[in-house]
Each structure stands twice: as C-alpha cells, then as structure tokens.
Amino acid sequence: MAQVEATTERIIGADAETVFDTLADYSGTRGKLLPEHFSEYEVREGGDGEGTLVHWKLQATSKRVRDCLLEVTEPTDGQLVETDRNSSMVTTWVVTPAGEGRSKAVVTTVWNGAGGIGGFFERTFAPKGLGRIYDTLLANLAAEVEGKA
C-alpha cells in the first residue's frame, strides 16, 4: 500500500483569520461551502474547530462513495486537521497570510492507497479528482469571504 496525496491551494482576497474562522465554522458556514460531491453533512459534536466531530459522504466518482466521520483538531495556529475515524484519510487545511488583505489556503489529503493495479489507478487519478473537488470548495470559500473582511 502506497500513500496517496492530493493538494490544492488558492489565494483568497480576505485576511487569514477570516478565512480560517470560516473554514472552522462546521456548524454554520462549512456545510454551505461543500460542492455536490458531499452529502449527508452532519455535525455530531462541537461545531467550531477543535473538538468537532463531523460526518459526510464524499462521492469522488460515480462508483466511489466514502463514508467519513472526521475528528477535527487544531495542532497549530492556522491549521485544521480532519482525521477520518472510518479510514486512513487525513485532510489538513493551512491558512497563512499572503499580503495585505489576502491569504493562502492549502488543503492536503493523504490516505493509504490500495495495492496492485487498482492502487496504480488510484494513485494516478484520485489526486486529480480530489483536487478538482477541493478547488471548487476553495472557490466557494473565496466567494463567501471576499468583501466581508
């Protein structure tokens, strides 16, 4: 099993604190940012950053649906880590300042991929597909916060 990684980033026209707070708002804004690939979104504990337990289903392809139950931690300032209780998947969000009134949001997801030929296809195509999904989410995030700061 090889580790599979998908990373997406975007410069957003809002300060880092606003962007981070919007991402960490699982009980409010986060659910509105999710593209159609996400369903059954539900906050089960907490709702604001560290200590949140959130559930969703992620449909990466027409045949592949991942049932996710994520524990949220904030190991450092500007960092949210979502660790899936149902798999090896870990998604890390990092928001840093990128000049006056701007920030850089980077999302990286890693998981243990399958072996064999299926694993080859997973390592080849899954990062691109997940990248497109997260690119849409980051675009939704930018639309949500730009002009509100």
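Visitor: Where should I look for Val 81?
Guide: Go to strand 5, which holds Val 81. Bear in mind that what you're looking at is a predicted model.

Visitor: Why is Val 81 called buried?
Guide: Its relative accessible area is 11%. Buried means under 20%, so at 11% Val 81 gets the label.

Visitor: How far apart are Val 81 and Thr 92 in space?
Guide: They're 4.5 Å apart, C-alpha to C-alpha, with their positions 11 residues apart in the sequence.

Visitor: What makes Ala 105 count as buried?
Guide: Ala 105, found in strand 7, has 1% relative accessibility. The limit for buried is under 20%, so Ala 105 counts as buried.

Visitor: How many residues apart in sequence are Ala 105 and Glu 9?
Guide: The two are 96 residues apart in sequence, yet their C-alpha atoms are separated by 5.5 Å.

Visitor: And Leu 70, is that one buried or exposed?
Guide: Leu 70 belongs to strand 4. With a relative accessible area of 1%, set against a limit of under 20%, Leu 70 is buried. For a distance to picture, the C-alpha atoms of Leu 70 and Gly 116 are separated by 28 Å, and these residues are 46 apart along the chain.

Let's turn to the charged pairs.

Visitor: How many salt bridges does the structure hold?
Guide: Five salt bridges. Let's take Lys 104 and Glu 9, one of those pairs.

Visitor: What makes the meeting of Lys 104 and Glu 9 a salt bridge?
Guide: Their side chains come to 3.7 Å, N to O. The rule asks for a side-chain nitrogen of Lys or Arg within 4 Å of a carboxyl oxygen of Asp or Glu, so at 3.7 Å this pair passes.

Visitor: Which parts of the chain does this pair link?
Guide: Distant ones: Lys 104 is in strand 7 (residues 103-112) and Glu 9 is in strand 1 (residues 3-12), 95 residues apart.

Visitor: Why is Lys 104 called partly exposed?
Guide: Lys 104 has 29% relative accessibility. Buried is under 20% and exposed is over 50%, so 29% lands in between. Glu 9, at 46%, is partly exposed too.

Visitor: How do you know that Glu 42 forms a salt bridge with Arg 44?
Guide: Look at their closest N and O atoms, which are 3.0 Å apart. That fits the limit of within 4 Å, so the pair counts. As for exposure, Glu 42 has a relative accessible area of 38%, which makes it partly exposed, and Arg 44 is partly exposed at 43%.

Visitor: And how far apart are the closest N and O atoms of Glu 71 and Arg 85?
Guide: They're 2.5 Å apart, and the two residues form a salt bridge. Glu 71 sits in strand 4 (residues 65-73), while Arg 85 is in the loop between strand 5 (79-84) and strand 6 (90-97), so the pair ties together parts 14 residues apart in sequence. Glu 71 is partly exposed at 35%, and Arg 85 is partly exposed at 46%.

Visitor: What is the phi of Glu 40?
Guide: It's near 55°, a positive value in a residue other than glycine. Most residues other than glycine have a negative phi. You'll find Glu 40 in strand 2 (residues 38-45).

Visitor: Why is Glu 40 called partly exposed?
Guide: Its relative accessible area is 48%. Exposed starts at over 50%, and 48% isn't under 20% either, so Glu 40 is partly exposed.

Now for the helices.

Visitor: At what angle do helix 1 and helix 3 pack?
Guide: Helix 1 (residues 16-24) packs against helix 3 at about 120°, with the axes 10 Å apart. That angle makes helix 1 oblique to helix 3: roughly perpendicular runs from 65 to 115 degrees and roughly antiparallel is over 145, so about 120° fits neither. Their crossing is right-handed.

Visitor: Which residues make the nonpolar surface patch?
Guide: Ile 117, Phe 120, Phe 121 and Phe 125, with about 440 Å² in the patch.

Visitor: What makes Phe 121 count as partly exposed?
Guide: Phe 121 lies in helix 3 (residues 116-145) and has 43% relative accessibility. With the limits at under 20% for buried and over 50% for exposed, 43% makes Phe 121 partly exposed.

Note on methods
Residues numbered from 1 in each chain as written. Predicted model: local features only at pLDDT ≥ 70, side-chain atom pairs only at ≥ 80, totals over all residues. Heavy atoms only, no water. Patch = residues over 30% accessible without salt bridge, like charges linked within 9 Å, V, L, I, M, F, W, Y side chains within 5 Å. Areas by Shrake-Rupley, 256 points an atom, 1.4 Å probe, with all protein chains shown as cover. Helix = DSSP H or I, 4+ residues; strand = E, 2+ residues; numbered from the N terminus. Buried < 20%, exposed > 50% of the residue type's maximum accessible area, 1.4 Å probe, protein only. Axes fitted to C-alpha atoms, helices over the stretch in contact; angles between N-to-C directions. Parallel < 35°, antiparallel > 145°, perpendicular 65-115°, else oblique. Left-handed = near helix turned anticlockwise from the far one by under 90°.
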